[in-house]
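Let's look at how the labels in this model are earned, taking the values one at a time. Have the structure open and follow along.

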Amino acid sequence: MTEPRQLDPYASPKTFYGAGLRRLREAAGLTQSRLGERAFCSGTYVGQFETAVRRPQPDTSKLFDEILDTGEHLQRLCRLTRENKYPDYFADAAELEQLATTISEYAPMVLPGLLQTEGYTRDLPRAAQLFAPPEDVDDIVVTRMDRRRLLERSTVPELWAVIHEAALRIPVGGPAVMCEQCRHLLEIGRNHHRVVVQVLPFEAEASAFLSSTVIQMSFSDAPPVACTESAYTGQLIEEPRLVAQ
């Protein structure tokens, strides 16, 4: 069970949701573990919502509303919490990156976001969104560079990236940008004590994920998860059998 901590319910939509969930659970006379059993999850998982560690999930919020007989109250609060600077399909994965102890990523066509240079990141939305205003591109770059700060920590997470040769052959941003990007990959792969970078060559032929990036994350106090991502879409996978596969 996650120990309660002092949170300002009005600090953010997540803390407001967490405070509301805790109040409703206690009013129903349920412990975190008991609510978790009825919602097919662990008490620790419930506690992470209550302490605003994890972003509320629509399906789980629906179960909480049914168990606690609260109509659609928690589902409405959940929708408020899911307004995010990341695309909705990737927001959960971006949040979980902050909690992960290990991150293993396979990148078939686009280099991993945590290893991209600013120039590489800036050219991707220019190619994909031809009519996007400059300020939208700037927002994407700032958000991506913020994610990279994970690697500035002194301990976790450890990152293992397998990059398909195709991702290195596509000249995103032109020769100068790709030269800088490849130098960055070499430097971080050789010198960062928590990062392993490997390349899957064309000679390896077919791989399990030909068109989708896949990220697997493990945690010190929760089961591992996986996330797949392709153009404009993605999926967070938490079912243990699928994650293991």
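Q: Which residue of S5 is the bridge partner of Thr-213?
A: In this predicted model, Thr-213 has Glu-229 of S5 as its bridge partner. Another such pair puts Ile-215 with Cys-227 of S5.

Q: What makes S4 and S5 a pair of strands?
A: Strands count as paired when there are at least two bridges between them. Five bridges join S4 (residues 213-218) to S5 (residues 225-230), so the pairing criterion of at least two is met. The two strands run antiparallel, and they form a hairpin with six residues between them.

Q: How do you know that S5 also pairs with S6, and in which sense?
A: S5 and S6 share five bridges and pair in the antiparallel sense. One place to look is Glu-229, which stands opposite Gly-234 in S6. This is a hairpin with two residues between the strands, and Tyr-232 in the turn has a positive phi of about 65°.

Q: Why are S3 and S6 called edge strands?
A: Each of them, S3 (195-200) and S6 (233-237), pairs on one side only. The order of the six strands is S3-S2-S1-S4-S5-S6, in an open sheet with mixed pairing. On average, neighbouring strands here are turned by 10° against each other, direction ignored.

Q: Which helices lie across strands of the sheet?
A: Helix H6 (residues 88-97) lies across S1 (102-107), S4, S5 and S6, and runs at about 135° to S5. Helix H10 (residues 175-191) lies across S2 (158-164) and S3, at about 125° to S3.

Q: Why is H1 called oblique to H3?
A: The axes of H1 (residues 13-27) and H3 (residues 43-50) come within 7 Å and cross at roughly 130°. Perpendicular covers 65 to 115 degrees and antiparallel begins over 145, so H1 is oblique to H3. On the H1 side the contact includes Lys-14, Tyr-17 and Leu-21, while H3 contributes Val-46, Phe-49 and Glu-50. By class, the contact of H1 with H3 has five nonpolar, one polar and four charged residues.

Q: What makes H1 and H4 roughly parallel?
A: The axes of H1 and H4 (residues 58-68) cross at roughly 30°, coming within 11 Å. Angles under 35 degrees count as roughly parallel, and H1 and H4 therefore earn that label. Their crossing is left-handed.

Q: Which residues bring H1 and H4 together?
A: From H1 come Tyr-17, Leu-21, Leu-24 and Arg-25, which meet Ser-61, Phe-64 and Leu-68 of H4. The classes in this contact of H1 with H4 are five nonpolar, one polar and one charged.

Q: How do you know that H3 is mostly covered?
A: A residue is buried at under 20% relative accessible area, and seven of the eight residues of H3 are buried. The buried residues are Gly-43, Tyr-45, Val-46, Gly-47, Gln-48, Phe-49 and Glu-50.

Q: What covers the buried residues of H3?
A: The cover includes H1, H2 (32-38) and H4.

Q: Where, just after H3, is there a positive phi?
A: Look at Ala-52, just after H3: its phi is positive, at about 65°.

Notes
Residues are numbered from 1 along each chain as its sequence is written. This is a predicted model: local features need pLDDT of at least 70, side-chain atom pairs count only at pLDDT 80 or more; totals for chains, interfaces and linings use all residues. Side-chain values use heavy atoms; hydrogens and water are left out. Axes are lines fitted to C-alpha atoms, for helices over the stretch in contact, and angles run from 0 to 180 degrees between N-to-C directions. Helices (H or I, at least four residues) and strands (E, at least two) are DSSP runs, numbered from the N terminus. Contact means heavy atoms within 4.5 Å. Ala, Val, Leu, Ile, Met, Phe, Trp, Tyr, Cys and Pro count as nonpolar, Asp, Glu, Lys and Arg as charged, and the others, Gly among them, as polar. A crossing is left-handed if the near helix is turned anticlockwise from the far one by less than a right angle, and right-handed if clockwise. Buried means under 20% relative accessible area, exposed over 50%, partly exposed in between (1.4 Å probe, protein chains only).
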